[in-house]
Amino acid sequence: MLGNSNILKRNNVQIIGRGTKPMMFAHGFGCDQNMWRFITPAFEADYRIVLFDYVGSGKSDLRAYDERRYGTLEGYAEDVLEICAALDLHGVIFVGHSVSSIIGVLAAVKEPERFERLIMIGPSPRYINDGQYTGGFERADIEGLLDMMDKNFMGWANYLAPVVMQNPDRPEYTKELEESFCSTDPRIARRFAEATFFADNRSDLRDLRIPSLILQCSDDVIAPLSVGQYTHQTIAGSEFMLMKATGHCPHVSHPEETIQLIQQYLQDSRAA
Amino acid sequence: MDELLNTAPCGFLSFSDDGTILLVNERLAEVLETSRAELEGKHIETILSVGGRVFYHTHFFPLLKMQRNAEEVYFSLRSRSGADIPVLTNAARRERDGRPVNDCIFVRMRQRHRYEDELLRARKAADLASAAKAKFLSMMSHDLRTPLQSISGYADLLLADMNGSQNTEQLQSVAAIKSAGKEMLRLINDILGFAQLESGRVELRIASVPVGDAFARAETLMRVRFDENNIRYVRRDCADDLRILADPDRLQQILLNLLTNASKFTPPGGTVSVSCEKVGAMVQIHVADTGIGIAGDQLGRIFEPFTQVTGSSTLSSNQGVGLGLSISRELSSAMNGELSVVSEGGKGSTFTITLPADTAAAMKGSAIAELRS
């Protein structure tokens, strides 16, 4: 196992805020901790905010990527737990977007003593339709997404080309990387997509014992309403809020509403 | 909308942060087999393939909002009849009428799409073949080593000739078996080493290594060989206190490979020399010979795996599988350095290992020297 400083370096852990209560924000598939930049300022006064990048995303240590470990979401949950251990965090309020909601569930099932609450934005325990269960996607749809990712890695899209950007012979690209948000390693991003979209974590929801909130967007094609409701019904004692925000990334598209609902939930839970 | 933009030979679309299409040009409507009036006011998802919708939410829009632009993004649009239309997109985020809007242009990619599909298929096939090859090499090397170790062990027992039952001729034969086994083990180790390097499974233990010590260690092993081949070995300029950051065993492996090659391709009476020098933050170690050299057309290929320099007459006894230099270069690179060569056919070769200097050790050394003075 890595030493604490190596874990923090591996996941590019950043700590901000003036409070003592730990609040951990976990980004979803497709970007990095930058995704939270519209949300975190609202919590800086009262919380100790922990931000990080999954291995392969943002400024994480790409050398730490292990195909076997990160072949499933459990590997990413291990990273979350290792970060908590490295910082000796307890009573964590974990805010996970999309796949990170499920990664949070896996981590909280394994070490419930670390977590106080889980706030899940657009969770889906399974994206692919399965019998009576409607995840919203057929396998061919996900293969279409993977194909699109492959083409973008080939097409040198400006945010998906760190292989070029890290080329020491082309310093202009390195500069571009420093200024680029959401940089990601193409090969790892593809495997993260596979681990995310082909996963089935429906049975894990039943094992969650931590109080939780599901923030469900209106008209979310990635995590449709029926999936949010399924998640809510399966997790005992979970709360459910339907947002006015549409799409799948309300923390980016509708930060004000996202902040307000999280604050309201935390306030209500304190009062209770 | 400006008539020029409306009829421009590319699609144009503007959408708000909630995904509503605000504006679209005639050209894009045409491609999507619909009309501007039908598109405007709809959600952008309605013109994207299912994979495209996911990509829009997870990559495209977050990036556009945070970085304010995105270039050369491959997207798959969906026409009214359900056909997927591959396009390349550039997008910029700006303020218009007091609110943020996201402007995109779309260029269809018919030929390029097919070509990229072919490239992707070829790359996937190559990746699979490469992984299968590495696995095969690794397994084969392991499986060959075990019986070979038995052969070597029994040959050792026979050579020890505890009861004196073997005659000289028999002992020579056993020695030949032992020697052939040793050579075979070296080849297998080369293949295994190469397979490990290719799969990135090599562990390095970087330490501060005095270059002089590395030379001395290699010389102990090479001296007999140079003497046997009647080759003069010379250690030229190399400061005593010069240290590099390297894995000592891997550095030794590279040095022995270069010195063995030098002895192999240098005719009797020739010279093999080593030297070192500090160049900026790096140290260069040169291994030079007065041998047959490498012709210009071969020079670019010698670091490729399974490559043997040909046309070198009797001196090239075709030993090895052509992995030594490839492994040495990979190892140099793994230790944050490089391996290069300068050569001319008939006039000898100089191989140069460049590795990071241990400047901390050098500074410490000079500080101690200053204190003493």
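**View 1. Where chain A meets chain B.** In this predicted model, 32 residues from chain A and 29 residues from chain B take part in the contact. On the chain A side, helix H4 (139-154) and helix H10 (250-253) each bring at least two residues to the surface that touches chain B. H4(A) gives the largest share of that side, with nine residues. Sorted by class, the side of chain A that touches chain B holds 16 nonpolar, 12 polar and four charged residues.

**View 2. The five-stranded sheet of chain B.** Here we turn to chain B, where five strands form an open sheet in the order S2-S1-S5-S4-S3, with antiparallel pairing. Strand S2 (21-24) and strand S3 (69-78) of chain B each have a single partner strand and stand at the edges, so one side of each has no neighbour in the sheet. From one strand to the next, the twist averages 30°. As a reminder, strands of a sheet pair through backbone hydrogen bonds, either parallel or antiparallel.

**View 3. Strands S1 and S2 of chain B.** Let's zoom in on one pairing in the sheet. Strand S1 of chain B, residues 11-15, pairs with S2(B) in the antiparallel sense, over three bridges. To find your way around, look for Leu13(B), whose bridge partner in S2(B) is Val24(B).

**View 4. A helix across the sheet.** Helix H4 of chain B, residues 50-67, lies across three strands: S3, strand S4 (84-96) and strand S5 (99-108) of chain B. This helix, H4(B), runs at about 160° to S3(B). S3(B) is also one of the strands at the sheet edges.

Conventions. Residues are numbered from 1 along each chain as its sequence is written. Chains are lettered from A and ligands numbered from 1 in the order in which they are written. This is a predicted model: local features need pLDDT of at least 70, side-chain atom pairs count only at pLDDT 80 or more; totals for chains, interfaces and linings use all residues. Two strands pair if DSSP finds at least two bridges between them. Helices (H or I, at least four residues) and strands (E, at least two) are DSSP runs, numbered from the N terminus. Axes are lines fitted to C-alpha atoms, for helices over the stretch in contact, and angles run from 0 to 180 degrees between N-to-C directions. Two residues are in contact if their C-beta atoms, placed from the backbone, lie within 7 Å. Ala, Val, Leu, Ile, Met, Phe, Trp, Tyr, Cys and Pro count as nonpolar, Asp, Glu, Lys and Arg as charged, and the others, Gly among them, as polar.
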